[in-house]
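Biologist: Hello! Could you walk me through this model, one step at a time?

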Amino acid sequence: MTSSPAPDGVGRKKRSVKPDNSPLPGQAISARPMAGDAIYERILTSIMEHRLTPGTKLVEEKLASIFGVNRTRVREVLARLSHEGLLTTIPNRGAFVASPTPDEARAIFAARRILEPALLRHLCEHTSPAHIAQLRAHVAQEAEARERGDRRAIIRLSGEFHIRIADLVENPVMSKMMRELASLTCLIIVLYDSPTVPACTHDEHGAIIDAIAQGQTENAVAAMIGHLHHIEQVLDMSTPPGEEENLEEMLGMD
């Protein structure tokens, strides 16, 4: 004899239903708080993609709401970015995306012309086919971004090319230095970029890779120094006025 199904709620063990934490339409993020490193990477990427422009004010309360975290976590991230020179903290006013002066910009390029040749010399001595493949794959991504006309991706990938070289050297201290210098350079480019001249071209990156692949250390170094000189020379060292923009949009949270 087959028993008929019990009515709803009678003779059945209730199944626990996990709450749905997926974001609602229009929500910036999910209900799960973001880790400090994830917030740091989001802000850093927004700087490298020129979403967050120099002079933009980063309000702790606003960021805490955007990322779904408390202000203490936001404060820790802002302190880290400030320590790296990417933010300027003004007492009683708050934290702002840094606006490097022309003298500071020149000092950053000078530092890169010291650091990056050293990285290249080490890489040329210890390079492998896998290293060359990784660098060529990265330049291919740059080319694809250019074909799409995706300016933000072009800027980010151009800066990340230099970081990738540092990472291949497998020295965490130098990788950190290169990451900070590349991020500061992105701020400099958005401040001083000439609108008619691209500041970073993928063909120059390709020439650097060719020299590394052929074991031509000094050619690789010369190509890198020439590349950095080219970026600096096309910049117009006059600070444009800042613009008021939507913080959620600049952080890619919309």
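Modeller: Happily! Let us begin with a term: a salt bridge is a side-chain nitrogen of Lys or Arg within 4 Å of a carboxyl oxygen of Asp or Glu. Please keep in mind that this is a predicted model.

Biologist: Then let me use that term. What is the N to O distance where the side chains of Arg-106 and Asp-103 meet?

Modeller: Arg-106 and Asp-103 are three residues apart in helix α4 (residues 102-126), so about one helical turn separates them. Their side chains meet in a salt bridge, and the distance from N to O is 3.3 Å.

Biologist: Is Asp-103 buried or exposed?

Modeller: A residue counts as exposed when its relative accessible area is over 50%. Arg-106, with 40%, is partly exposed. Asp-103 has a relative accessibility of 59%, so the word for Asp-103 is exposed.

Biologist: Let us step back to the whole chain. How many helices and strands are there?

Modeller: Read along the sequence, the pattern is α-β-α-α-β-β-α-α-α-α-α-α-α. Of the 254 residues that make up the chain, 41% count as buried. The chain's tally is ten helices and three strands.

Biologist: In what order do the three strands form the sheet?

Modeller: β1 (57-58) and β2 (87-90) stand at the edges; each has a single partner strand, so one side of each lacks a neighbour in the sheet. The sheet is open and its pairing is antiparallel, with the order β1-β3-β2.

Biologist: Which helix packs on the sheet?

Modeller: The helix in question touches β1, β2 and β3. Its direction makes about 110° with that of β2. It spans residues 71-83 and is named α3.

Biologist: Which residue in β3 is the bridge partner of Thr-89?

Modeller: β2 and β3 run antiparallel and are joined by four bridges. One residue pair there is Leu-87 opposite Val-97. On the β1 side, two bridges join β1 to β3 (residues 94-97), and Leu-58 stands opposite Ala-95. For Thr-89, the bridge partner in β3 is Ala-95.

Biologist: Which residue takes a positive phi in the hairpin of β2 and β3?

Modeller: This hairpin has three residues between the strands. The residue you are asking about has a phi near 65°, and its name is Asn-92.

Biologist: Back to charged pairs. With which residue does Glu-49 form a salt bridge?

Modeller: Glu-49 is buried, because its relative accessible area is 11% and the cut-off for buried is under 20%. In its salt bridge, the closest N and O atoms are 2.7 Å apart, and the partner is Arg-156.

Biologist: How many residues apart are Glu-49 and Arg-156?

Modeller: Glu-49 is in the loop between α1 (36-48) and β1, while Arg-156 is in helix α6 (residues 151-169). Both also belong to a network of salt bridges that links Glu-49, Arg-51, Arg-156 and Glu-160. The pair links distant parts of the chain, and the separation is 107 residues.

Biologist: Which residue's side chain meets that of Arg-75 in a salt bridge?

Modeller: Arg-75 is partly exposed, with a relative accessible area of 40%. The N to O distance is 3.0 Å, and the partner is Glu-60.

Biologist: Why does that pair tie together parts 15 residues apart in sequence?

Modeller: The reason is where the two residues sit: Arg-75 lies in one helix, α3, so its link to Glu-60 reaches into another, α2 (residues 60-67). A search of the whole structure finds 15 salt bridges. For this pair, the two parts tied together are α3 and α2.

Biologist: Now for the interior. Which helix gives the most to the largest nonpolar core?

Modeller: In soluble globular proteins, nonpolar side chains tend to be buried together. The largest nonpolar core has 61 residues, and those touching the most other members are Ile-43, Leu-58, Phe-67, Leu-120, Leu-135, Ile-165 and Ile-212. With ten residues, spanning 172-192, the helix that gives the most is α7.

Biologist: Which residues is Leu-135 in contact with, leaving aside its neighbours within four places in sequence?

Modeller: Leu-135 is one of the core residues touching the most other members. With those neighbours left aside, its contacts are Leu-123, Phe-161, Arg-164, Ile-165, Leu-168, Ile-209 and Ile-212.

Notes. Residues are numbered from 1 along each chain as its sequence is written. This is a predicted model: local features need pLDDT of at least 70, side-chain atom pairs count only at pLDDT 80 or more; totals for chains, interfaces and linings use all residues. Side-chain values use heavy atoms; hydrogens and water are left out. Buried means under 20% relative accessible area, exposed over 50%, partly exposed in between (1.4 Å probe, protein chains only). Two strands pair if DSSP finds at least two bridges between them. Contact means heavy atoms within 4.5 Å. Axes are lines fitted to C-alpha atoms, for helices over the stretch in contact, and angles run from 0 to 180 degrees between N-to-C directions. A nonpolar core is a set of buried Ala, Val, Leu, Ile, Met, Phe, Trp, Tyr and Cys residues joined through side-chain atoms within 4.5 Å.
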